[in-house]
Amino acid sequence: MAHTADVVIIGAGALGAACAYFATEQGLRVHIVERGEIAGGTTSACEGNLLVSDKEAGHELDLALYSNQVWRRDLAPYNHLWEFENKGGLIVAATESGARNLAELAGRQREAGIDVTDVAADEVHAYEPHLTEDLTAAAHYPQDCQVQPMLMAAQLIRIARERGARIWTRTEVTDLHRDGDAVAGVVTSRGTIHADHVINAAGTWAGDIARLAGVSVPILPRRGFVLITEPLPRTVFHKVYSGDYVASTTSSDEGLQTSTVIEGTRAGTILIGSSRERVGFDSTVSLPALRQIAAKALTLYPVLAKTKIMRNYHGFRPYCADHLPVIGHDPRAPGLWHASGHEGAGIGLSVGSAKLLVQQLTGREPDLDLTPFAPERFDLVEAS
Amino acid sequence: MTERPRDTASTSPRYDVAVVGAGPAGLAAAVAAAEAGRRVVLVDAGGQPGGQYWRHPDETAPRGDESLGHHDWSTFTALRSRLHGLVRRRRITHLPWRQVWFVERPSVGDEPPAHTLHLTTSYAGADTGGEGPDAVTGDAVILCPGGYDRQLPIPGWDLPGVMAAGGVQALLKGHRTVAGRRAIVAGTGPFLLPVATGLAQAGADVVAVCEAGSITGWSRDPLAAAAVPGKAREALEYATELIRHRIPYRQRTAITAIRGTEAVRSVELSRLDREGRIREDAGTADVDLVALGWGFTPSLELVSATGAATRKDIDDSLVAVVDDEQRATVPGVYVAGEATGVGGAMLAVAEGELAGLMTARDQRAPVSQGNVRTLQKRITRHRRFAAAMHAAHPVPRHWHEWLSPETTVCRCEEVSYRQVCGARDELGAGDARTVKLMARPGMGWCQGRVCGFASAKLAAATEGRALTADDLRPTAKQPFTAPVSLEQLAESPRYE
Amino acid sequence: MSPAHQHDVPDDATAEPERFEVAFDGRPLPATAGQSVGSVLTDAGIRSWRTTRTGHRPRGLFCGIGVCYDCLITVDGEPNQRACLVPARPGMTLSSTVPGNGPFETAGDTDD
Ligand SMILES: Cc1cc2nc3c(=O)[nH]c(=O)nc-3n(C[C@H](O)[C@H](O)[C@H](O)COP(=O)(O)OP(=O)(O)OC[C@H]3O[C@@H](n4cnc5c(N)ncnc54)[C@H](O)[C@@H]3O)c2cc1C
Ligand SMILES: Cc1cc2nc3c(=O)[nH]c(=O)nc-3n(C[C@H](O)[C@H](O)[C@H](O)COP(=O)(O)OP(=O)(O)OC[C@H]3O[C@@H](n4cnc5c(N)ncnc54)[C@H](O)[C@@H]3O)c2cc1C
Ligand code: FES
């Protein structure tokens with residue numbers, strides 16, 4: 001195979017799929033190269049929440065709000081294809097200090113543009129009738145929503161293919177094709193594809209691709225487990241989680257952290273997450289992690305005590321030390337672009353990230369400044 | 001590698017040998033290991049020993065002759081009395097009505113490499129004869145989980161009155177319940193015969209046995225049948241019974257559609273060519289019971305949970321890789337019975353006994369080498385017989401051509417063949433795992449135990465290639481080997 | 001032959017096992033000690049006791065050995081028990097519906 005394209009995308013996860021969608025929308029000729037199957041990476045091992053509520057004011061929140069618009073406006077005609085649900089999020093607090101922290105968080109978020117309603121303890125059950133009685137406060141986030149991530153990635157790729165994109169699954173990128181300093185394509189297990197631009201959307205493995213170009217993009221795996229219940233009549237209506245979740249998403253602790261995140265799905269199952277651990281790519285199922293997740297979920301929903309857990313799964317979030325993704329052109333390796341490192345929010349942030357990247361790639365001013373996500377930012381930190 | 005935090009290994013009751021499954025293999029394994037001086041715990045999802053083959057009425061409420069419909073019954077009663085004796089002498093702890101829901105592996109460097117089995121009752125309020133521990137640890141574990149009927153989706157197979165052939169047999173043997181009045185038995189393999197004759201003896205009108213293969217397949221290795229004379233005798237018995245009850249044995253014939261609204265009313269039969277394509281219409285039959293079986297699917301969840309290697313067997317089943325002394329590829333793990341390859345109960349007994357002896361030898365207890373050799377020879381003979389059986393009764397290669405777009409593939413999640421094809425053709429799902437994640441076959445209560453084999457077959461058929469072990473592994477890989485309540489998962493285990 | 005028994009097995013194998021009734025959706029069904037719930041229902045000619053979530057299709061016994069979960073039934077208020085495994089007990093109530101007014105009643109649509 002010796003093909004020529006405008007853009008080669010490495011990885012067919014949420015980010016690769018979204019990039020393919022927006023690039024083909026601009027009429028670009030796209031090839032996607034995926035070493036496994038479509039959406040077979042972390043995108044097949046996550047929960048599919050599109051959240052603004054779990055973010056503190058800052059660059060990630062700006063991206064989340066932007067992405068939220070892209071989901072609701074640009075992709076409105078397609079949202080039924082991936083079970084888009086405008087369900088809203090509910091953060092709950094169980095102690096007095098938790099209630100104070102939550103109120104303060106909501107205040108900061110409101111200033112940053114998030115739509116948030118304070119919910120008093122005696123109003124919580126109007127939102128979630130089966131939640132524990134032992135709550136001190138809650139906050140409701142109508143912008144939070146949910147998709148089925150694998151369907152989202154597969155459908156975006158299907159649409160991109162209808163616009164002429166080609167996908168090569170079970171094809172591994174083993175090297176980058178160079179033209180002098182510039183990256184000018186990929187070398188794969190099935191041949192070379194020449195391209196003006198190469199987008200690194202290799203998720204947790206994006207650091208390996210960067211290394212092929214001789215640059216460093218320090219993305220590490222952060223393991224997470226999720227429990228899945230038997231199918232039930234609808235019991236959980238929002239995305240429900242405890243206030244400590246926000247602290248855990250922004251922490252860099254290596255040890256096991258769990259915080260409760262609970263949501264119902266179309267299929268009737270309830271997903272109960274999740275844990276965060278930095279244990280490399282160790283895929284041994286950790287009973288202590290699962291027990292912690294279960295115990296915390298029970299405190300929120302005692303009604304689920306006898307509910308059966310049918311299975312669990314885990315994935316490796318692509319994680320950067322500063323908890324920001326890597327998006328945009330890499331000046332250290334002209335022609336190479338990154339759309340990776342979205343940690344625990346890569347589904348939600350995928351479409352915004354991809355739209356911005358394609359704006360930059362086609363020479364337009366991105367709707368949101370991409371400087372905070374610049375790939376070379378880590379070199380600057382190391383140098384200083 | 002890093003040291004992993006352990007959940008329970010240090011505190012759960014510890015045994016020299018933990019055996020899972022009290023069927024032919026597990027029963028023989030537990031007894032052999034205990035008689036060789038090992039302290040043994042025997043965990044079983046069922047309430048009394050026997051497994052699938054020797055399923056019999058509740059021993060506390062016997063219903064006439066226990067041995068009714070059984071073969072090799074005296075082998076069972078001998079094993080059972082040895083078990084009871086060993087239980088009385090506290091050499092074996094028998095934990096009935098318990099399912100292993102999680103296998104906790106040893107930490108790197110643990111000596112011996114002990115596995116901890118986490119247990120849950122088989123049903124709410126099960127009478128487990130006292131509290132019992134929530135987890136047990138075995139310095140060695142012998143996995144004898146058996147298997148279940150292998151199924152192929154066909155139009156209408158989700159109607160009430162359509163049952164797995166083994167399920168019909170389980171009702172007969174365990175409860176003396178006849179699942180229907182007018183029955184048809186279909187699929188492939190010799191197991192269809194005891195089901196048909198069992199039904200007829202219990203008073204059902206059996207309209208036919210439909211065998212998709214043909215017995216001429218056996219001629220490929222005629223000596224294999226001779227290697228296990230008991231089997232030939234059994235076959236003759238069944239043939240006589242079929243004649244006595246005037247049950248036609250229709251070869252190269254399959255049920256290709258099942259009709260009914262609230263329950264099955266009739267079936268459509270087709271004659272098949274050698275490759276399993278429909279050659280011609282073979283009429284219809286009015287029935288209220290359809291018993292379907294396409295061989296067996298070994299239960300590989302526990303084996304996969306230990307990380308032991310698996311392979312594809314000659315009958316397209318995923319099985320554990322074991323050496324000629326029943327050791328799996330992971331230290332401390334032994335496997336016996338259907339999980340090493342489908343081959344019948346007597347093979348399972350021989351493997352179980354050998355595994356029991358080997359755990360003892362590996363723990364430095366004396367074991368007679370003569371016994372070991374005799375068992376190995378018996379296993380070899382039975383394996384040869386099984387190979388001939390599998391060769392004669394393959395799953396029809398073109399079976400999927402019988403499906404209509406509306407045919408339910410996954411009974412739990414009600415996924416149609418059309419949806420499976422859509423995931424593949426429109427969404428680009430290239431393997432069974434991706435089809436499952438996009439269209440949900442295998443995502444429901446049974447976690448693909450029923451449709452997993454068919455889904456793997458469909459994935460391979462699409463690419464026009466043979467089934468591989470990788471097609472089958474995702475279904476066997478279940479991080480929970482049985483459902484567990486949120487409450488039990490959340491609690492630290494109890495040990496009394 | 002007379003095996004050594006672990007529990008109190010009547011020595012006389014011809015002794016009649018206990019007979020009793022269970023209630024299925026309010027209807028009394030005869031049962032014999034040791035029978036599974038699935039076998040009691042089958043003996044009474046009942047082939048299905050639940051409907052599926054999406055297609056509302058009738059379901060009853062399929063695998064017969066605890067693997068397929070097609071036979072789920074509510075036993076004494078405990079939902080999702082496998083009829084093929086649970087032994088029948090005197091006075092047991094079996095129900096084809098999941099306890100509807102229990103914890104999982106449907107709340108109003110909260111979409112904003
Ligand atoms: C437990 C858990 C829960 C989560 N919950 C949420 C949530 O609720 N909401 C949310 O937004 N996010 C969530 N996430 C995070 C989200 O899953 C990820 O951020 C997102 O899936 C990343 O997508 P990706 O496309 O970057 O990576 P991936 O999906 O991993 O895709 C990368 C692809 O690149 C391929 N690849 C790698 N190297 C090569 C190569 N050399 N050649 C060819 N192909 C290659 C891989 O095979 C892979 O398919 C969760 C994650 C976990 C683990
Ligand atoms: C429904 C059915 C009926 C059959 N009827 C006949 C027949 O009539 N004639 C015939 O020749 N062959 C029959 N077979 C085939 C026969 O069962 C096997 O050849 C033989 O029983 C294999 O013995 P085994 O010890 O390997 O497994 P099994 O007899 O299947 O025993 C395995 C045991 O392990 C237990 N187990 C499995 N997983 C777990 C777990 N996670 N935790 C705890 N316990 C567990 C099971 O409950 C079971 O008691 C039948 C098979 C099935 C599935
Ligand atoms: S009939 Fe399959 S689980 Fe009961």
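For these notes I count Ala, Val, Leu, Ile, Met, Phe, Trp, Tyr, Cys and Pro as nonpolar, Asp, Glu, Lys and Arg as charged, and the others, Gly among them, as polar. With that in hand I sorted the shell around ligand 1, and its residues divide into 16 nonpolar, 14 polar and 6 charged. The model I am reading is a predicted one.

**Entry 1: ligand 1**

I looked up which residues come nearest to ligand 1. Of the 36 residues around ligand 1, the nearest are A:E34, A:T43, A:N49, A:E343 and A:G348.

I then went through backbone atoms that face the ligand. For A:T42, I found a backbone N or O atom 2.9 Å from an oxygen atom of ligand 1. For A:V173, a backbone N or O atom lies 2.9 Å from a nitrogen atom of ligand 1. A:G344 also places a backbone N or O atom by a nitrogen atom of ligand 1, at 3.0 Å. As for cover, ligand 1 taken alone exposes 1,000 Å², and the protein buries 97% of that.

Next I asked which elements give two or more residues to this shell. I noted helix 1 (14-25), strand 12 (220-229), strand 16 (308-319) and helix 9 (346-361), all of chain A. Strand 16 of chain A gives the most, with 4 residues.

**Entry 2: ligand 2**

Between which chains does ligand 2 lie? I found ligand 2 between chains B and C. It is surrounded by 32 residues, and the closest are B:A25, B:D44, B:V100, B:Q169 and B:K173. I sorted this shell as well, and the residues around ligand 2 divide into 16 nonpolar, 11 polar and 5 charged.

I checked the backbone contacts here too. B:A45 has a backbone N or O atom 3.0 Å from a nitrogen atom of ligand 2. B:E338 has a backbone N or O atom 2.9 Å from an oxygen atom of ligand 2. For B:C144, a backbone N or O atom lies 3.4 Å from an oxygen atom of ligand 2. Ligand 2 has 980 Å² of accessible area on its own, and the protein covers 91% of it.

Several elements of chain B each supply at least two residues of the shell around ligand 2. I listed helix 1 (24-35), strand 4 (98-104), strand 7 (147-149), helix 3 (165-175) and helix 8 (345-362).

**Entry 3: strands 4, 5 and 6 of chain B**

From strand 4 I moved along to strand 5 of chain B. These two strands pair in the antiparallel sense over 6 bridges. In this stretch I noted that B:V103 stands opposite B:L117, which belongs to strand 5 of chain B.

I then looked for a pairing with strand 6 (residues 135-143). 4 bridges join strand 5 of chain B to strand 6 of chain B, and the two run antiparallel. Here B:H115 stands opposite B:G138 of strand 6.

Why do I write that strand 5 of chain B is largely enclosed by the rest of the structure? Of the 7 residues of this strand (residues 115-121), 6 are buried, so the strand is largely enclosed.

**Entry 4: cysteines**

I searched for disulfides and got 0 over all chains. I took B:C421 as a case to follow. The sulfur of B:C421 is 14 Å from the closest cysteine sulfur, in B:C451, and that is too far for a bond, because a disulfide needs two cysteine sulfur atoms within 2.5 Å. B:C421 is buried, with a relative accessible area of 15%.

I also went back to B:C144, one of the residues with a backbone atom by ligand 2. B:C144 is buried, at a relative accessible area of 7%.

**Entry 5: two more residues of chain B**

Is B:L458 buried or exposed? At 3% relative accessibility, B:L458 counts as buried, because the cut-off is under 20%. I located B:L458 in helix 12 (residues 452-462) of chain B. B:T468 is 10 residues apart from B:L458 along the chain, and their C-alpha atoms are separated by 12 Å.

B:T481 sits in the loop between helix 13 (469-476) and strand 22 (484-485) of chain B. B:T481 is buried too, with a relative accessible area of 10%. I paired B:T481 with B:Y123, 358 residues apart along the chain, and noted that the C-alpha atoms are separated by 15 Å.

**Entry 6: chain C**

I closed with chain C. I counted 1 helix and 7 strands in chain C. From the N terminus on, its elements run β-β-α-β-β-β-β-β. Buried residues make up 46% of the 112 residues in chain C.

Note on methods:
Residues numbered from 1 in each chain as written. Chains lettered and ligands numbered in written order. Predicted model: local features only at pLDDT ≥ 70, side-chain atom pairs only at ≥ 80, totals over all residues. Heavy atoms only, no water. Near = heavy atom within 4 Å. Polar contact = N/O pair within 3.5 Å; in protein donor to acceptor, adjacent residues only side chain to side chain. Areas by Shrake-Rupley, 256 points an atom, 1.4 Å probe, with all protein chains shown as cover. Buried < 20%, exposed > 50% of the residue type's maximum accessible area, 1.4 Å probe, protein only. Pairing = 2+ DSSP bridges.
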